[in-house]
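Let's walk through this one a piece at a time, with the coordinates open beside the text. We'll begin at a single ring and work outwards from there.

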Amino acid sequence: AAKDVPTWTVIGPEQPRAREICLLCELEAADDGRTGVMLRSPDGRQGVVYRFNVKQLPYFTFWKNPQSRADGYVVGFEPGTNLPNTKTVEKEQGRVITLGPRQSKTFELTLEYLSDPAAVDAAVKALMEKSKL
């Protein structure tokens, strides 16, 4: 995926037989851990903002599979407690959360659809100013 870093923010046209691109990202966040990512239309008229807390979900994977639609063109935003490696690798790195009987873990995630350019612009501004997330 290293060759795709210069254009990682572009969701381009279908590319039949293209390989999946997977980028592991370290996101900037507010002091309390709040962060967010956005997918917006090329014309800026609509978008989706995904907000979460890096203190709860410290790892973020962005992937895209630009295959033809018939073969599964897809984009993924995946905050997580670990990276998308095998469980063995992640256990060796101490990134696998294990819960005992009756234990639980809470994660706060917000998905917001933005239906107009003003909302998209406001969300871009908030994402750029970490304190306003």
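Start with phenylalanine 77, which is partly exposed, because its relative accessible area is 22% and the buried class ends under 20%. Keep in mind throughout that this is a predicted model.

Now look at who sits beside that ring. Phenylalanine 62 is a buried residue, at 4% relative accessibility. Phenylalanine 62 and phenylalanine 77 make an aromatic pair of the tilted kind, with 5.5 Å from centre to centre and 40 degrees between the planes. In sequence the two are 15 residues apart, and the pair links distant parts of the chain: phenylalanine 62 belongs to strand β4, phenylalanine 77 to strand β5.

Phenylalanine 62 has another ring partner, tryptophan 8. What are the numbers for the rings of tryptophan 8 and phenylalanine 62? Their centres are 5.7 Å apart and their planes stand at 75 degrees, so this pair is edge-to-face. Here, too, distant parts of the chain are linked, since tryptophan 8 lies in the segment before β1 and phenylalanine 62 in strand β4, 54 residues apart. As for tryptophan 8, a relative accessible area of 36% makes it partly exposed.

Zoom out a little and these three rings turn out to be part of one aromatic cluster, made up of Trp8, Tyr50, Phe52, Phe60, Phe62 and Phe77. The count of aromatic pairs comes to 5. One more ring is worth a click: the charged end of arginine 95 sits over the ring of tyrosine 59, 5.6 Å from the ring centre.

Next, the strands that carry some of these rings. β1, β4 and β5 form an open sheet of 3 strands, in the order β1-β4-β5, with antiparallel pairing. At the edges stand β1 (21-25) and β5 (74-80); each has a single partner strand, so one side of each is left without a neighbour in the sheet. Neighbouring strands here are turned by 15 degrees against each other on average, direction ignored. Between β1 and β4 (residues 59-65), which run antiparallel, there are 5 bridges. If you want a register marker, isoleucine 21 stands opposite lysine 64 in β4.

There's another open sheet of 3 strands, also antiparallel in its pairing, in the order β2-β3-β6. Its edge strands, β2 and β6 (109-114), each pair on one side only, and the twist averages 15 degrees from one strand to the next. β3 and β6 run antiparallel and are joined by 6 bridges. Tyrosine 50, which you met in the aromatic cluster, stands opposite leucine 111 in β6. Lying across β2, β3 and β6 is helix α2 (residues 117-128), which runs at about 145 degrees to β2.

To finish, hop to the loop between β2 (34-40) and β3 (47-53), where you'll find glutamine 46. Is glutamine 46 buried or partly exposed? Its relative accessibility is 38%, so it counts as partly exposed. Leaving aside residues up to four places away in sequence, glutamine 46 touches Arg40, Ser41, Tyr113, Leu114 and Val120. With tyrosine 113 there is also a polar contact, side chain to side chain, at 2.7 Å. Compare alanine 29: glutamine 46 is 17 residues from it in sequence, and in space their C-alpha atoms are 23 Å apart.

Methods. Residues are numbered from 1 along each chain as its sequence is written. This is a predicted model: local features need pLDDT of at least 70, side-chain atom pairs count only at pLDDT 80 or more; totals for chains, interfaces and linings use all residues. Side-chain values use heavy atoms; hydrogens and water are left out. Helices (H or I, at least four residues) and strands (E, at least two) are DSSP runs, numbered from the N terminus. Buried means under 20% relative accessible area, exposed over 50%, partly exposed in between (1.4 Å probe, protein chains only). Contact means heavy atoms within 4.5 Å. A polar contact is a pair of N or O atoms within 3.5 Å; within protein, one must be able to donate a hydrogen and the other to accept it, and residues adjacent in sequence count only if both atoms are side-chain atoms. Two strands pair if DSSP finds at least two bridges between them. Axes are lines fitted to C-alpha atoms, for helices over the stretch in contact, and angles run from 0 to 180 degrees between N-to-C directions. Rings of Phe, Tyr and Trp (its six-membered ring) pair if their centres lie within 6.5 Å; planes under 30 degrees apart count as stacked, over 60 as edge-to-face and the rest as tilted. A charge sits over a ring if NZ of Lys or CZ of Arg is within 6 Å of the ring centre and within 35 degrees of the ring normal.
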